[in-house]
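Biologist: I'm new to this one, so could you take me through a single part of it slowly? I'd like a close look at the place where the ligand sits, and how that fits into the chain as a whole.

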Amino acid sequence: MAAPKKKPPYVVRPPTAVLTRGFDPRLSVGSARPAVFRSSTYVFSSPEAAERAFSIALGRSRPSDGENIDLIYSRLSHPNAEIVEDQVVPLERGAEEAAVFNSGMAAISTIFLTTCPPGSSFVYTTPVYGGTQHLIHQLLEPLGLRGVPVPAAASAELAHAIETTPNLKLAFLETPANPTLVMCDIAAAVRAAKRHAGTAPLVVVDNTFLGPIFQHPLALGADLCVYSATKYLAGHSDMLGGVVLGKDLELIASLRGMRAILGNILQPDECWLLNSRLPTVELRMTRQSKNAQRIVEALAGHPRIARLHYPALFSDPEQIRIRDAQCDFSGAVFAFELEGGKQAAFDFLRRLTIAKNAVSLGGVETLACHPATTTHSEMSPEELAGAGITDALVRISIGIEDRRDLLAEFQGALDAL
Ligand SMILES: *Cc1c(COP(=O)(O)O)cnc(C)c1O
């Protein structure tokens, strides 16, 4: 079971904290790693403890420091959720609290449904993850919310929209954006939100591509940082999950309240899996990113590659400025356009054997896909053109294989075109 929280939450460094925080072996019959608690309901220690637990769960009173509160029912929370929520916090610079969800989309939709009342507005950067785009067009806008899209690279336009959109509740940024890795300026968005006269909009960053190791939105002033934990946090392409981190305990508590209504908490087995993956996030992401950078540098200039998208190779001065200001490393996803259009892209994918032709990213195995006909196939021709997603574009997520094998495979597939 989760240990009662101590303040300050941790004094050791993140790689130590992630292995020592949030779990007390004495509460799991001495097991060195957490057990899985699959129970749907929990036995109260007394009727008074049950009354107290409900009073806190429903927001009628606040827990005192170090208070041990009885668990109630697993849709609200359960030991494995409490443990993983405590353990993920030290990985995110500036975070105080976390909430886990059963997918990245569950986390993102819960944020919108909690923070944007009917009639309010939100600003979002484009291109945005396909699931987020569906959420906006098929659920939020029909519910009467107003979404204001802004191209991620348009720094001045983004700041202006955040500062001036009436009744704005949320600025939702995705950076770098998928699949061309275009970046938007998190700190500038935070400054613009502070200048907004009236509704104190929150700044939320989808940090799936570079966080928690290479980009730190909360340290730059963002209110919430959201992840598809399916990607780097879990890292093995074998589970779905979502995590939201923030510094405002009330805000995270309100997300947990909405989570109990929607019933989208991460289940005990997945919490346990995610828990066991957190201590290796930094090792995996560092290896994957080094692999990717070496591979991209070796591929640059290949005659069949018309254009490469990777942060270390940015040429636009504004994109370089943003990258240097907010990213520690370029990450492990890149994309390139091939000479020869869709046919060349398909032929390239067909020749891969180590890398798998699959969507998703962030796993220990290398994956490659053709965004225009898969992940981004519902965008209009204008939207695709605006986002730079051509028929010739292939996206690759590099894993932890030996980079020389991957490079040989990519070079062979390119040479054969
Ligand atoms: C995958 C992904 C999501 C959605 O996460 P799921 O776990 O698939 O629901 C959201 N944002 C980004 C950037 C993603 O890559």
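Modeller: Sure. A quick word on terms before we start: the domain bounds I'll use come from an automatic or database domain assignment. Also keep in mind that this is a predicted model. With that assignment, the protein chain splits into domain 1 (79–280) and domain 2 (281–416), and their centres, taken over C-alpha atoms, are 24 Å apart. The two still meet: 36 residues of domain 1 touch 45 residues of domain 2. Together they bury about 3300 Å² between them, with 59% of that on carbon and sulfur atoms. On the domain 1 side, Met183, Phe214 and Tyr232 give up the most area to domain 2, together 24% of what that side buries.

Now to the ligand. It has 13 residues around it, and the closest are Gly104, Met105, Asp206, Thr230 and Lys231. Sorted by class, that shell holds four nonpolar, six polar and three charged residues. Helix α4 (residues 104–115) supplies the largest share of the shell, three residues.

Let's zoom in on some polar atoms. A polar backbone atom of Gly104 is 2.9 Å from an oxygen atom of the ligand, and for a polar backbone atom of Met105 the distance to a ligand oxygen is 2.8 Å. Lys231 uses its side chain instead: a polar atom there lies 2.7 Å from an oxygen atom of the ligand. As for how covered the ligand is, on its own it has 380 Å² of accessible area, and the protein covers 93% of that.

Key: Residues are numbered from 1 along each chain as its sequence is written. This is a predicted model: local features need pLDDT of at least 70, side-chain atom pairs count only at pLDDT 80 or more; totals for chains, interfaces and linings use all residues. Side-chain values use heavy atoms; hydrogens and water are left out. A residue is near a molecule or strand if one of its heavy atoms lies within 4 Å of it. A polar contact is a pair of N or O atoms within 3.5 Å; within protein, one must be able to donate a hydrogen and the other to accept it, and residues adjacent in sequence count only if both atoms are side-chain atoms. Accessible areas come from the Shrake-Rupley method with a 1.4 Å probe; for residues, only the protein chains shown count as cover. Helices (H or I, at least four residues) and strands (E, at least two) are DSSP runs, numbered from the N terminus. Ala, Val, Leu, Ile, Met, Phe, Trp, Tyr, Cys and Pro count as nonpolar, Asp, Glu, Lys and Arg as charged, and the others, Gly among them, as polar. Contact means heavy atoms within 4.5 Å. Buried area is the accessible area (1.4 Å probe) that two parts lose on being put together, summed over both.
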